[in-house]
Amino acid sequence: MKFLIVGLGNFGASLAEKLTNQGNEVIGIDSSMAKVDALKEKISHTICMNATDDFTVSGLPLKDTDVVIIAIGEDQGANVMATALFKNLKVKRLISRAINPLHEMVLKALGVDEILHPEEETAERWAKKLCLVGVVDSFELSDDYSLIEANVPQIYAGKKIGEIDFRKKYNILILTTIKKTKIEGDLGKSIFVNQVQGVASAELVLAEDDILVLYGANKDIQKFLNNY
């Protein structure tokens with residue numbers, strides 16, 4: 001995949017390196033030449049430029065870019081301006097970093113696809129979410145093992161966990177599932193919330209919109225995710 005990361009501070013630089021190490025093409029952008037120079041040997045491409053300037057931004061290879069990530073964290077105004085500019089240029093997928101709750105509300109109003117919270121989420125988790133199809137969230141337990149939240153592959157919807165035999169087929173464990181449950185919200189409006197279902201049993205029938213919480217070696221998890 002091809003990523004464009006705007007803002008090469010601690011989080012942006014770490015994410016750029018991890019995505020590059022996983023075999024992706026990454027373009028890193030920052031207005032600081034020092035930050036650009038620090039990464040030029042570690043990621044695919046680096047550019048020193050002002051990401052709030054529409055003329056220079058429009059010259060970037062945006063049509064070939066799968067994901068644009070606005071990782072600017074120090075300057076809230078620059079973050080919003082860059083986000084609005086890339087949104088206006090209709091990039092395929094736009095993810096932006098929120099600095100505080102009010103800033104997050106502004107980003108949502110701009111219509112970004114996803115919000116980043118680097119203070120709560122690591123670059124490692126985001127690298128997995130971005131690179132592995134079907135992954136909702138991930139937790140790195142070691143260099144080789146992870147806990148993953150993943151959507152149920154369509155081919156397994158309507159089947160029992162015991163029928164699939166995840167342990168034998170993929171060498172992974174299904175710890176539990178998360179189901180979207182309809183509840184009554186304020187003013188009588190129905191809302192859907194995610195509810196953990198407890199320890200998964202062999203008799204549990206999987207629904208297409210369920211989320212699996214699974215554990216295993218990264219190489220085995222990747223084999224399972226090839227079903228998407």
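Which residues make the nonpolar surface patch of about 300 Å²? The points below take up this matter and others in turn.

1. Basis and overall make-up. The structure is a predicted model. Its chain has nine helices and eleven strands. Of the 228 residues, 43% count as buried. The accessible surface of the chain comes to about 12,100 Å², and carbon and sulfur atoms account for 52% of that area.

2. Contacts along the chain. Where contacts join residues at least 6 apart in sequence, 56% of them are between residues at least 24 apart.

3. The nonpolar patch. L102, M105 and V106 make the surface patch of about 300 Å² asked about above. V106 has its place in helix α5, which covers residues 101-110. With a relative accessibility of 34%, V106 counts as partly exposed, because that class lies between the limits of 20% for buried and 50% for exposed.

4. The setting of D30. This residue lies in strand β2, residues 25-30. Leaving aside residues up to four places away in sequence, D30 touches G7, L8, G9, K35, V36, I47, C48 and M49. Within that list, L8 deserves separate mention: its backbone nitrogen lies 2.7 Å from a polar atom of the D30 side chain.

5. The charge of D30. D30 is buried yet has no salt bridge. The nearest side chain of opposite charge is that of K35, 4.5 Å away. A salt bridge requires a side-chain nitrogen of Lys or Arg within 4 Å of a carboxyl oxygen of Asp or Glu, so the separation of 4.5 Å between D30 and K35 does not qualify. K35 is nevertheless among the residues that D30 touches.

6. Backbone at K90. Most residues other than glycine have a negative phi. K90, which is not a glycine, has a positive phi, near 55 degrees. K90 is found in the loop between α4 (76-88) and β5 (94-97). The relative accessible area of K90 is 71%, and the residue is therefore classed as exposed, the cut-off being over 50%.

7. Backbone at N171. N171 also is not a glycine and has a positive phi, of about 60 degrees. The loop that holds N171 runs between α8 (166-170) and β9 (173-184). Is N171 buried, partly exposed or exposed? At 43% relative accessibility, N171 counts as partly exposed, because this value falls between the limits of 20% and 50%.

8. Places to inspect. In viewing the model, the reader may wish to look at the contact between L8 and D30, the patch of L102, M105 and V106, and the positive phi values of K90 and N171.

Methods: Residues are numbered from 1 along each chain as its sequence is written. This is a predicted model: local features need pLDDT of at least 70, side-chain atom pairs count only at pLDDT 80 or more; totals for chains, interfaces and linings use all residues. Side-chain values use heavy atoms; hydrogens and water are left out. Helices (H or I, at least four residues) and strands (E, at least two) are DSSP runs, numbered from the N terminus. Buried means under 20% relative accessible area, exposed over 50%, partly exposed in between (1.4 Å probe, protein chains only). Lys and Arg count as positive and Asp and Glu as negative; His and the chain ends are not counted. A polar contact is a pair of N or O atoms within 3.5 Å; within protein, one must be able to donate a hydrogen and the other to accept it, and residues adjacent in sequence count only if both atoms are side-chain atoms. Contact means heavy atoms within 4.5 Å. Patches are made of residues with over 30% relative accessible area and no salt bridge: like charges are joined within 9 Å, nonpolar side chains (Val, Leu, Ile, Met, Phe, Trp, Tyr) within 5 Å. Accessible areas come from the Shrake-Rupley method with a 1.4 Å probe; for residues, only the protein chains shown count as cover.
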